[in-house]
Amino acid sequence: MSRKVVSLIAAVALTVSVALASVQSFKIAGDRNLATVESVTSVENFTGRTNKVSGEIRFDPQARTGGGVIIVDAMSISTGIGGRDANMRSANYMNFVQHPEIRFETTSVKHKSGDEYEVTGRMSMSGKTVTLTVPATVRFLEASNATRELGLNGDVVNLRTRFEIKLSDFGVELKGQSQRSVSNTPTVALNVFASNK
Amino acid sequence: MRLAKLARALMVLAVIVFAGAWLATLVLEPRAVLAQRIEPHSPDLAAVLGEVGTPVGSPQRLLIFDDRAYLKGATPDGARLVSERYLMENNIYPLQWKTVVFMRNAVAFGSGLAALLMGLAWWWLSRKSRGFRAGMGSA
């Protein structure tokens with residue numbers, strides 16, 4: 001009886017260690033990462049963008065599971081118009097001056113099909129944290145000339161996502177003229193590359 | 001009489017501005033192209049990912065007067081591809097057709113209203129002036 005229990009425990013331990021060993025850690029790096037936020041209104045559309053994205057993606061390409069944390073340098077987001085950028089960063093709107101990071105930390109990842117996933121996580125912005133469930137495409141790319149051109153050694157994970165947020169959920173209040181020229185539900189998009197070396 | 005002339009001049013000016021706003025958009029509209037801004041990938045990465053580059057924002061009608069900003073190809077919806085890198089390197093902020101239309105409508109409304117008000121003022125001042133002169137004549 002005790003031999004069976006020991007064997008069972010050993011089998012479970014081996015399975016767990018193999019499973020854990022398959023989850024690799026990929027660090028977001030290089031200068032080809034892109035985070036954008038697009039506001040669409042009847043007056044104008046504008047897109048804020050930055051390449052300053054960092055963080056870590058944990059991914060098991062066989063088990064199709066993982067998680068991670070993505071951090072966007074909010075102060076580097078540019079809409080192409082300096083005055084608008086200054087307003088956006090100020091305490092009157094997004095308050096990036098006091099909260100210079102936008103952070104998304106996963107709590108669960110569900111594989112849908114192929115490279116498509118459903119990711120649930122906590123998004124922190126402007127001093128508030130909101131739980132969101134968003135679609136994501138995650139592709140595993142073995143090291144190649146193409147991945148090395150990104151400035152990355154090792155295997156690479158490419159993560160893309162696109163989802164809407166509500167600025168009011170993050171405590172952002174649009175006042176006056178901005179109610180007509182800024183959308184309360186902008187679309188956030190991310191395209192990042194992370195390497196395991 | 002002088003006020004009537006001033007009102008007439010302002011009415012004419014407002015009509016010119018009204019017409020000019022519509023004419024300007026007629027001239028610009030053929031140049032407003034449905035475009036998708038993208039950050040281009042290298043050829044190797046494009047082949048691996050199966051796409052020319054990363055989209056920046058959604059497709060929209062833009063006025064870009066520098067043809068070198070355009071890349072070869074289009075999206076499945078027919079939007080021409082525009083290099084975001086080229087736009088940034090050359091400090092080009094594309095004019096949106098949506099904004100041009102908004103401004104035209106605002107200018108047309110304002111100048112139309114001004115033309116109407118100045119027209120009414122001109123008519124009323126002219127009538128008043130004729131009545132005054134008629135009164136002077138009968139005296």
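## A buried pair across two chains

Let's start with two residues that sit out of reach of the surroundings: Glu84(B) and Arg49(A) are both buried. This is a predicted model, and in it Glu84(B) and Arg49(A) form a salt bridge, with their closest N and O atoms 3.2 Å apart. Glu84(B) belongs to helix H3 (residues 84-89) of chain B and Arg49(A) to strand S3 of chain A, so this pair joins two chains.

Arg49(A) has another partner as well. Its side chain meets that of Glu39(B) in a salt bridge, at 2.5 Å from N to O. Which residues are linked with Arg49(A) in a network of salt bridges? They are Arg37(B), Glu39(B) and Glu84(B). As a general idea to keep in mind, side chains of opposite charge can pair when their charged atoms come close.

## Where chain A meets chain B

Now let's step back to look at the whole interface. On one side are 30 residues of chain A, in contact with 24 residues of chain B. The area buried between chain A and chain B is about 2100 Å², and carbon and sulfur atoms give 47% of that area. Three residues of chain A deserve a look here: Arg32(A), Asn45(A) and Arg49(A) supply 24% of the area that chain A buries against chain B, more than any other three residues.

How many salt bridges are there between chain A and chain B? The count is three. There are also 15 residue pairs in polar contact between the two chains, counting pairs with both residues at pLDDT 80 or more. Several elements of chain A give two or more residues to the side that touches chain B, including strand S2 (34-40), strand S3 (45-50), helix H3 (145-149) and strand S10 (187-195). Sorted by class, this side of chain A has nine nonpolar, eleven polar and ten charged residues.

## Salt bridges within chain A

Over all chains, the count comes to 15 salt bridges. One of chain A's own pairs is Asp115(A) with Arg64(A), whose closest N and O atoms are 3.3 Å apart. Why does this pair tie together parts that are 51 residues apart in sequence? Asp115(A) lies in the loop between strand S6 (101-113) and strand S7 (116-125) of chain A, while Arg64(A) lies in the loop between strand S4 (53-60) and strand S5 (65-73), so the salt bridge ties those parts together. Asp115(A) counts as partly exposed because its relative accessibility is 27%, and Arg64(A) is partly exposed too, at 28%.

Another pair is Arg103(A) and Glu105(A), whose side chains meet in a salt bridge at 3.7 Å from N to O. Arg103(A) is partly exposed, with a relative accessible area of 31%. Glu105(A) counts as partly exposed as well, at 32% relative accessibility.

## Two helices of chain B

Helix H1 of chain B covers residues 2-28, which makes 27 residues. From its first C-alpha to its last, H1(B) reaches 39 Å, close to the 39 Å expected at 1.5 Å a residue. Which residues of H1(B) are buried? They are Ala4(B), Ala7(B), Met11(B), Ala14(B), Ala21(B) and Thr25(B).

Further along chain B, Ala46(B) has its place in helix H2 (residues 43-49). Ala46(B) counts as buried because its relative accessibility is 18%, and the cut-off for buried is under 20%. Leaving aside neighbours within four places in sequence, Ala46(B) is in contact with His41(B), Glu51(B) and Val52(B). Glu29(B) is 17 residues away from Ala46(B) along the chain, and their C-alpha atoms are separated by 33 Å.

Methods
Residues numbered from 1 in each chain as written. Chains lettered and ligands numbered in written order. Predicted model: local features only at pLDDT ≥ 70, side-chain atom pairs only at ≥ 80, totals over all residues. Heavy atoms only, no water. Contact = heavy atoms within 4.5 Å. Buried area = accessible area lost by both parts, 1.4 Å probe. Salt bridge = Lys/Arg side-chain N within 4 Å of Asp/Glu carboxyl O. Polar contact = N/O pair within 3.5 Å; in protein donor to acceptor, adjacent residues only side chain to side chain. Helix = DSSP H or I, 4+ residues; strand = E, 2+ residues; numbered from the N terminus. Nonpolar A, V, L, I, M, F, W, Y, C, P; charged D, E, K, R; others polar. Expected span 1.5 Å × (residues − 1). Buried < 20%, exposed > 50% of the residue type's maximum accessible area, 1.4 Å probe, protein only.
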